Amino acid sequence: MTTNDLPFDNTLMMMNSLKGYLTTDEELAFMQLLFSSSASIKGANYGLAKKDLEKLLGIKNGDDDAFHSFINRLNAALSRYFRVIYDDRRDRVIVMMHVTAKHAKSTLSSEALAIMLYLFYHQEVLGHEFTLLHQILVDFGHESLNANRKLKNNIDQLKKIGAVTDYESVSEEAYMLTAIGVHMFSESFLRRTTEFAQETQLSKEEVMKFFNRYNLHIEEENE
């Protein structure tokens with residue numbers, strides 16, 4: 001899931017246009033990828049392992065060019081509604097769907113979304129590898145037992161959609177964004193959020209630079 005403003009009325013027409021981008025085997029691989037990317041169905045094993053996707057595509061000898069060509073062509077055809085990402089840490093490929101802010105509210109509570117934005121800022125902007133639970137409690141101004149329990153319940157929501165995972169390389173409880181979490185927020189959502197906080201209008205370039213997305217934005221335009 002990525003937060004966005006896009007309508008869904010042309011989704012079926014867009015899916016039908018895939019035939020111009022993909023072979024029959026690639027279409028079948030994409031449908032399997034869509035099914036496997038449901039965290040509610042697959043649990044923690046959402047997405048397809050890279051080797052399984054390569055097998056479906058008939059890619060042999062670890063041909064990374066063919067692998068990334070498939071992902072790039074999918075993203076070129078589906079960018080308005082979906083985004084295909086490769087999570088190199090889990091070695092799995094995932095399909096993320098763009099949803100409106102209204103639909104996102106039915107998936108995440110406002111508290112979970114606030115925690116997600118905090119983790120995104122702490123790790124993607126400030127460059128920290130992980131975020132301690134104690135640090136979240138302190139920065140949110142709540143250190144009581146009830147607040148701790150409520151905070152964990154909201155973090156569990158983020159875990160269920162695959163945006164956050166436990167970071168187990170430290171002795172304290174800590175969390176790290178997954179590839180889904182890193183790509184969760186659209187450019188328009190980040191801009192609106194920043195403008196609201198700053199009470200002023202900002203250019204897309206200013207927002208992308210602030211969120212360390214400038215180089216990524218340029219790379220996507222060049223693809």
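Helices and strands are DSSP runs, of at least four residues for a helix and at least two for a strand, numbered from the N terminus. With that in mind, display the whole chain of this predicted model. The chain contains 13 helices and 7 strands.

**The whole chain**

Begin with an overview before selecting any part. The chain has 223 residues, and 39% of them count as buried. Among contacts in the chain with a separation of 6 or more, 59% are between residues 24 or more positions apart.

**Helices H2 and H4**

Select helix H2, residues 24–36, together with helix H4, residues 50–57. Their axes are 8 Å apart, and the two helices pack at an angle of about 150°. Angles over 145 degrees count as roughly antiparallel. H2 and H4 are therefore roughly antiparallel to each other.

Now show the side chains where these helices meet. On H2, select Asp25, Glu26, Ala29 and Gln32; on H4, select Leu53, Leu56 and Leu57. The residues of this contact between H2 and H4 comprise 4 nonpolar, 1 polar and 2 charged.

**Helix H5 against H2**

Keep H2 in view and add helix H5, residues 64–78. The axes of H2 and H5 come within 12 Å and cross at roughly 75°. Because angles of 65 to 115 degrees count as roughly perpendicular, this crossing makes H2 roughly perpendicular to H5.

Which residues of H2 and H5 meet? Glu26, Ala29 and Phe30 belong to the H2 side, while Phe70, Arg73, Leu74 and Leu78 belong to the H5 side. The contact of H2 with H5 is made up of 5 nonpolar and 2 charged residues, with no polar ones.

**Helix H5 against H4**

Next, hide H2 and leave H4 and H5 on the screen. The axes of H4 and H5 cross at roughly 85° and come within 11 Å. H4 and H5 are therefore roughly perpendicular to each other.

Select Lys50, Leu53, Glu54 and Leu57 in H4, then Asp64, Phe67 and Phe70 in H5; these residues make the contact. The contact of H4 with H5 divides into 4 nonpolar and 3 charged residues, with no polar ones.

**The loop between H4 and H5**

Stay with these two helices and select Asn61, which lies in the loop between H4 and H5. Is Asn61 buried or exposed? Its relative accessibility is 83%, so Asn61 counts as exposed. Asn61 also has a positive phi of about 60°, although it is not a glycine.

**Strand S3 and the loop that follows**

Move to strand S3, residues 82–87, and select Phe82 within it. Phe82 is buried, with a relative accessible area of 6%. Now add Leu34: the C-alpha atoms of Phe82 and Leu34 are separated by 9.9 Å, although the two residues are 48 residues apart along the chain.

Another residue to select in S3 is Asp87. At a relative accessibility of 3%, Asp87 counts as buried. Which residues does Asp87 touch, not counting residues up to four places away in sequence? They are Arg92, Ile94 and Ala179. The C-alpha atoms of Asp87 and Lys50 are separated by 9.2 Å, and these residues are 37 residues apart along the chain.

Then select Asp91 in the loop between S3 and S4. Asp91 is partly exposed, with a relative accessible area of 36%. Phi of Asp91 is near 60°, a positive value in a residue other than glycine.

**The nonpolar cores**

Finally, turn to the interior. The largest nonpolar core has 26 residues, and those with the most contacts inside it are Met116, Leu119, Ile155, Leu158 and Val164. To trace this core, select the elements that give two or more residues to it: strand S4 (92–100), helix H7 (110–125), helix H8 (133–139), helix H9 (145–160), strand S7 (174–177) and helix H10 (179–182). H7 provides the largest share, with 6 residues. At least three residues of this core come from each of domain 1 (8–98) and domain 2 (102–214).

Select Leu119 for a local view of its surroundings. Not counting residues up to four places away in sequence, Leu119 touches Glu124, Thr131, Ile136, Leu158, Val164 and Leu177.

For the last stop, select Leu22, Leu53, Ile59 and Ile71, which are included in a second, separate core of 19 residues. Leu53 has appeared earlier in this tour, in the contact of H2 with H4 and in the contact of H4 with H5.

Definitions and conventions:
Residues are numbered from 1 along each chain as its sequence is written. This is a predicted model: local features need pLDDT of at least 70, side-chain atom pairs count only at pLDDT 80 or more; totals for chains, interfaces and linings use all residues. Side-chain values use heavy atoms; hydrogens and water are left out. Axes are lines fitted to C-alpha atoms, for helices over the stretch in contact, and angles run from 0 to 180 degrees between N-to-C directions. Angles under 35 degrees count as roughly parallel, over 145 as roughly antiparallel, 65 to 115 as roughly perpendicular and the rest as oblique. Contact means heavy atoms within 4.5 Å. Ala, Val, Leu, Ile, Met, Phe, Trp, Tyr, Cys and Pro count as nonpolar, Asp, Glu, Lys and Arg as charged, and the others, Gly among them, as polar. A nonpolar core is a set of buried Ala, Val, Leu, Ile, Met, Phe, Trp, Tyr and Cys residues joined through side-chain atoms within 4.5 Å. Buried means under 20% relative accessible area, exposed over 50%, partly exposed in between (1.4 Å probe, protein chains only). Domain bounds come from an automatic or database domain assignment.
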